[in-house]
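Me: I am new to this and would like some help reading a protein structure. Could you take me through it step by step?

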Amino acid sequence: MTSTAVPDAAVRDWPALRPHLSAFDPEAFVRPVTRFVWEPVEVPRPAPATDTPLAGRNLLLVGEERDLVDAVGAALERRGARIMTHTPGTRLPADGWDGIVDLNVGGRAYELGDTSWRQALGRTSEAVRSAYPRWAAEHRYGHHVYVAVTHLGGLGGHGDGTVPQPLGGIWAGLAKCLPRELPAAGLVVVDVDRAEPEVIAEAVAREYVRPEDFEVCYRAGRRHVLAGRPAAAAPPGEAAAPGPGDTVLVTGGARGVGFAAARAFAETFGCRVVVTGRGERPRPEGIFALDDEEFARWRRERLATGRTPAQLAEVRGEVRRAEENRAVHRNLAGAAADGLRIDYRRCDCTDPDQVERVFAALGEGPTHVVHNAGIDEPARFDRKSADDVVRTVDVKVTGFANLVRAVLARPERRARLRLLSNVGSLAGRMGGMVGQIDYAAGNEALARLGFWARDNLGLPVQTLCWPTWERLGVIANYAAAVRYVSTLDPVEGARLWAAELASGHTGEAVFLGRIGAVLSPGQLRGFGTLTGHPDLPRLHALDHYLGEVEEYEIFRMLRTSLTLRARHHPCLAEFRVGSDLAVPVSVVLEYAVAAGDWVVPEGWPLLHLRELRALRVRLAGLRFTGDALTLRREARGVRRDGEWCVDVTVRDATGGEVASLTLVYGEQPVTGLPASGAGDSNGLAAHAGRRRHGGPLDWAGVVFPDVPEGEDTVPTVFPADLWTVPFPPSPTVDPAAVEALVRATDRSCSPRATPGTLSVHRLVLAPGAQRVQRLRPEGESGRWTGSREGVTVLVADGAMISN
């Protein structure tokens, strides 16, 4: 057996075989970021088809205001829903509901320091944790739905007007992160301008059934979604930047990202920076005086003393605190050695007395306040108590309120303050990693609180949402983190942060790098409103072939339906089976292959699609019925003989099989293909020859021109030749080569009056298979090879059409 090797240079130069599996090399986490801003964009949605769109839905209604809960419940019942409630003083219904409509603290205007959100968030946590086992086990997509109703002014806190209840941001952040842990559930945030029962009920009725967007806003009855667009950094503001006579207060800034920013401020502006932590400043003695080798030995010895699970947990906590304090000591000592004016103060920002003492120690007060403090203790939501969730959010929300009250406590402090900069996170803006639901909730609340303080108190507030900083911050598992989003170089981050501080702008800025492979079908909707991002072609390609999701079990199974309409795209006006327009084989093949993007092994390893096996296409099933054809795709993943395999079946609306195949993945792309005669035809054969026989298959030749008699050069077909969409998806296997293979196989078979079944035993792929330049038959075995630049990149074994 011989093979034709693909040169390493060709593998590097050609696009990845499946370009939308990953956005970047997992061994190189850092990528540049783009600055985005979010804004409301009007996107209408048709009204429900019936007066009772929620008929048959059993909804749990959760909220702080009993009167509002009762009135909204009655309005939802008029729309067909069966309502159960969970309000203060009532017990959570144990079962019988399959959706949650969460009114949280809507219906009341925010007052600085309001703590009613704690009880409301506790009830939400109890309800979600109660639903968690059922919802996690349910694979029917959108069968369970969580709707967070917010009262942020009807534009999600953006645009003109004030924000009545910024604490709705807590529930917005929570909802957007839930798809990471409940990937088959439907999630949507609905913001209303008026917290009135009919307004809320009408918005819920429109969005509950098959949620389409993450954040939907209704103002004056008009529907908007929040969309992100690139925005240049604001120019330096007049007298906004701190100078040598100014003081910048950074909460939680003694280590990690906060200290990287503190150093940048001190170096860039020559100002004094005061960082805070919850404990006393570590003394330069004991374990803090140990060098790295000595500390590592101490760490091993302490961990060895943990004999029971409880003892081990206690020792691990001790070691973690020692590591944190050691980092604080080293940071402060290093800054002092470099001549930077960075001081440390003890302050738990959730304690108003401690916050006031820090402000008092700073004389007239700081000129700039950076609210960076936060805690992130990742664990799945069903493993966190309500107190755990509230404590995480408390640092962001209560800490912000305490800082604002300290500023307003004295006129000279208010006059001196030039900027309050909130440190948010992509976890809140776009949904974080598994285990970050409460962290996302706290961070998303900060942006909305910033809008409120700016518009109601006249304070200069900005919020900056950051991705993970490379090797800094609270993310412990970077190999997992990079599957979500690329990391930020700390040097670049510190530079960007200093520029934002110097601009003095008020509003929200989001810094986003490349988007990783970890997306659920629901999470994809959260990225669908981006413009100007380098990963948009990949994201739109994912969406193009996704269709309507019917079932989804992460790492196991996907079932979807996709309706194609005749002539709506060039490729859908090209092919006929008999006298009827039909969907080309290459389109159905690509729809089947795209299922592999969603059915992946646990851990999302970056696998390469190596070959397609046992491909069968019933040609009569490709015909349009009227002007449409609905294809229902089911994909199931399994380990088989050491390979990751995805078995895909495509059926028509009646359940008849249209196509089936197996996708085979490996850790490396194919670099050597079997040469002529080496393939196993599995008993399949086709007669050689090129004669025309007037069979039932026909091509218009506009999108897929015929290969002239006696030649084997495949005409070039680009994605834009197939699809009239803004980002036409790049194919995995050259569609022109697929159609040429179908043509040639059809010609080589005996004349047929009716369409039969196309079978290909193996279709072996290598990098570069997206565009094949030559396609040649080999002997009598039904074997075809395709090449690009003289290198074999595609081999089809056992190609035939049989009745």
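Reply: Happily; we will go through cores, cavities and cysteines in turn. Keep in mind that this is a predicted model.

Me: Which residues have the most contacts inside the largest nonpolar core?

Reply: They are Leu530, Leu612, Leu622, Val648 and Leu663, in a core of 97 residues. Apart from this core lies another, of 67 residues, and Leu187, Phe400, Val404 and Trp452 are among its members.

Me: What does Val648 touch, leaving out residues up to four places away in sequence?

Reply: Its partners are Ala592, Ala595, Arg633, Glu634, Ala635, Ala659, Ser660, Leu661 and Leu663.

Me: Now for empty space. How many cavities of 30 Å³ or more does the structure hold?

Reply: Rolling a probe the size of a water molecule over the atoms shows where empty space is left. Here there are 8 such cavities. The second largest has a volume of about 100 Å³.

Me: Which elements each supply at least two residues of the lining of that second largest cavity?

Reply: Those are β9 (222–230), α12 (426–431) and α16 (521–527). Among the lining residues are Trp38, Asp213, Val225, Met430 and Arg525. By type, the lining divides into 5 nonpolar, 2 polar and 5 charged residues.

Me: And the cysteines: why does Cys465 have no bond to the closest cysteine sulfur?

Reply: A disulfide is a covalent bond between the sulfur atoms of two cysteines. The closest cysteine sulfur to that of Cys465 belongs to Cys177 and is 13 Å away, too far for a bond. The count for the structure is 0 disulfides.

Me: Is Cys465 buried or exposed?

Reply: Cys465 is buried, with a relative accessible area of 1%. Cys571 also counts as buried, at 0% relative accessibility.

Terms used
Residues are numbered from 1 along each chain as its sequence is written. This is a predicted model: local features need pLDDT of at least 70, side-chain atom pairs count only at pLDDT 80 or more; totals for chains, interfaces and linings use all residues. Side-chain values use heavy atoms; hydrogens and water are left out. A nonpolar core is a set of buried Ala, Val, Leu, Ile, Met, Phe, Trp, Tyr and Cys residues joined through side-chain atoms within 4.5 Å. Buried means under 20% relative accessible area, exposed over 50%, partly exposed in between (1.4 Å probe, protein chains only). Contact means heavy atoms within 4.5 Å. On a 1 Å grid over the protein atoms alone, a cavity is a set of points where a 1.4 Å probe fits but cannot get out, and a pocket is an open set with protein on both sides within 12 Å along at least five of seven lines; lining residues have an atom within 4 Å of a point. Grid points are joined across faces, edges and corners, and a volume is the space filled by probe spheres set on the points. Helices (H or I, at least four residues) and strands (E, at least two) are DSSP runs, numbered from the N terminus. Ala, Val, Leu, Ile, Met, Phe, Trp, Tyr, Cys and Pro count as nonpolar, Asp, Glu, Lys and Arg as charged, and the others, Gly among them, as polar. A disulfide is a pair of cysteine sulfur atoms within 2.5 Å.
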